[in-house]
Amino acid sequence: MVYSHFSYSSDIVFGQSLNAASDGMRWVMTNVLPQQMGLEVTNVLYRYTAVKDPDTGMIVYVQNEDTANEGEYVFRSVDDWSGLPGNTITKSIPVNAILGSRFGDGEIVVEGEGRVDDPFIVYSYRFDPCFNPQSSPDCEGFIPPIPDIPEVADPLEDDYVQDEIDRKAVMRSEEDEEEEREGVVEGSEEDLEKQMLEERLGIAMESSLAAMDNATEMALANMNVFPNSYSASLTSPEYVSKAYISDNGTLVKTLVRQSRGIRMNNAQDKLHRALVRSQFER
Amino acid sequence: MFRKLLVCAVFSASVAAENVPINGTVEGNCIVVPDTSGVYGNPSADVLSTAATDGGVLPVVRYDVVLADYYKAVITTPTSFSQSPGLADTVAWTGSAAVHEVSDAGMSAYDTNKIEYNATTEFDLTIAGSTWFEMESKAEYGGDKPFPGGNYTAMVEANCIAK
């Protein structure tokens, strides 16, 4: 639904809805009033024609549900036509600046005998475009929004990383404690002596391992666990190959000359193309 | 001396006397507003009528009453043309007034309780608010003669009279 018009007076905007009852006896207010924060309804004007027998009872309600209080009405006008002839009624009812958000669905309800023709209902409203100062940079009190800065994840705050750092720190402190306990300073004479000692111990260890391997091998050999071929050496005979083809002229004569073969191939290709072309030309 | 003074005092008091005005304003509690101008249709040569069926438009007048049950609407339909070509024959006038629109359902009863006499209709405005009245006027030229060509204007008189 389109709203009829706005009129500006200083900062407040005044306006009127179109006929809310143009599509029937019930209407949805979100289609009638602009969805503006702080909008207030100031007046309700309605008109309809009551068609009835003067002797019958008829009551007409023009009303809007109250969104803040279920089962109640934020606006309700009653026309009692009982015992009266029907007529066209026009009513303009001031509303005490009630927030538009409280205006729930509206309706015209007829009780008794008779009907309502040509319903017409218009809501007058007003609102401050700067009710929410952030709605426009032109509004007083507008605060420029601060852009969202993405939070940078500090890898040091990660639990796994922190655990690893702690573990290394503990290891390092343990090594330092060990060195301190041994009283050895890196690069000193004691340190060099220690390194040489470790190298000698390593050589001795290797020699003892090799002697142990030899002893084990000898023991196994004595037990005849291995076949003789295991330790027998293989002979390496010399194979001399002198293959060659003696050319007495017969081999060359049996070969087809290359130029002749090319010509035969060309002739076959030519014949093939002629056959194919003849199929298309048919 | 004393008498003199007294006289002087009396004299001076009489000289100082002033008339003190008391001002007050009474707002109009009944307003008559022309709503729609009527138009005469010419369904036949000797008839001018405001009825819609005759091609005319009914004039409408609105009464705004602030105080209930203090005023009467007195509406008189035309009995002569205020402007017309020269008419050699007599014109027979008929007219009526009726409630056209209301601002309160109870005003619909004005029609039932209205008083008619001559070309005048009286409505008792018992309810505060606005009431729209429409008037019908019909002029028939005498002797079945056609109205002479020209412009015709007639006036409806709508009054709000205190009861």
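In which sense, parallel or antiparallel, do β7(A) and strand β7 (residues 91-102) of chain B pair? In this predicted model, the two strands pair in the parallel sense, over 2 bridges. The report below begins with that junction and then turns to the sheet, the helices, selected backbone angles and the nonpolar cores.

## Where the chains meet

The contact between the chains involves 10 residues of chain A and 10 residues of chain B. On the chain A side, two elements each give two or more residues, namely β6 (73-80) and β7 (88-99). The largest share, 4 residues, comes from β7(A). By character, the residues on this side of chain A divide into 4 nonpolar, 3 polar and 3 charged.

The pairing of β7(A) with β7(B) can be followed residue by residue. T88(A) has E101(B) as its bridge partner in β7(B), and I89(A) has V102(B). Within its own chain, β7(B) also pairs with strand β10 (residues 129-141) of chain B, in the antiparallel sense and over 11 bridges. One of the residues involved is A97(B), whose bridge partner in β10(B) is M135(B). Strands of a sheet pair through backbone hydrogen bonds, either parallel or antiparallel.

## The fold of chain A

Chain A contains 4 helices and 9 strands. Their order from the N terminus is β-β-β-β-β-β-β-β-β-α-α-α-α. Chain A has 282 residues, of which buried residues make up 13%. Among its contacts with a separation of 6 or more, 70% come from residues 24 or more positions apart.

Four strands of chain A form an open sheet in the order β3-β8-β5-β6, with antiparallel pairing. At its edges stand β3 (26-27) and β6 of chain A; each has a single partner strand, so one side of each is left without a neighbour in the sheet. Inside this order, strand β5 (residues 58-66) and strand β8 (residues 103-112) of chain A run antiparallel and are joined by 8 bridges. One of the residues paired here is I59(A), whose bridge partner in β8(A) is E111(A).

## Two helices of chain A

Two of the helices are set side by side in the following table.

| Helix | Residues | Number of residues | Span of C-alpha ends | Expected span |
|---|---|---|---|---|
| α2(A) | 189-222 | 34 residues | 50 Å | 50 Å |
| α4(A) | 258-281 | 24 residues | 35 Å | 34 Å |

For α2(A), the distance from its first C-alpha to its last is close to the value expected at 1.5 Å a residue. For α4(A), the distance between the end C-alpha atoms likewise agrees with expectation. The number of buried residues in α2(A) is 0, so this helix lies largely in the open. The count of buried residues in α4(A) is also 0, and α4(A) is hardly covered.

## Positive phi angles

Following α2(A) is N224(A), whose phi is positive, near 55°. A positive phi, near 50°, is also found at D118(A), a residue other than glycine. D118(A) lies in strand β9 (residues 115-127) of chain A. Because D118(A) has 11 C-beta neighbours inside 10 Å, it counts as exposed.

In chain B, N118(B) is a residue other than glycine with a positive phi near 45°. N118(B) is placed in the loop between β8 (115-117) and β9 (120-125) of chain B. Is N118(B) buried or exposed? N118(B) counts as exposed because it has 9 C-beta neighbours inside 10 Å.

## The nonpolar cores

The largest nonpolar core has 43 residues. Those with the most contacts inside this core are A50(A), V60(A), Y123(A) and F133(B). Not counting residues up to four places away in sequence, A50(A) touches M58(A), V60(A), W81(A), G86(A), N87(A), I89(A), G114(A) and V116(A). The list includes V60(A), which has itself been named among the residues with the most contacts in the core. The list also includes I89(A), the residue whose bridge partner in β7(B) is V102(B).

Apart from the largest core lies another core, of 5 residues, among them Y40(B), L48(B), A139(B) and F147(B).

Methods: Residues numbered from 1 in each chain as written. Chains lettered and ligands numbered in written order. Predicted model: local features only at pLDDT ≥ 70, side-chain atom pairs only at ≥ 80, totals over all residues. Contact = placed C-beta atoms within 7 Å. Nonpolar A, V, L, I, M, F, W, Y, C, P; charged D, E, K, R; others polar. Pairing = 2+ DSSP bridges. Buried ≥ 20, exposed ≤ 12 C-beta atoms within 10 Å, placed from the backbone. Expected span 1.5 Å × (residues − 1). Core = buried A, V, L, I, M, F, W, Y, C linked by C-beta atoms within 7 Å.
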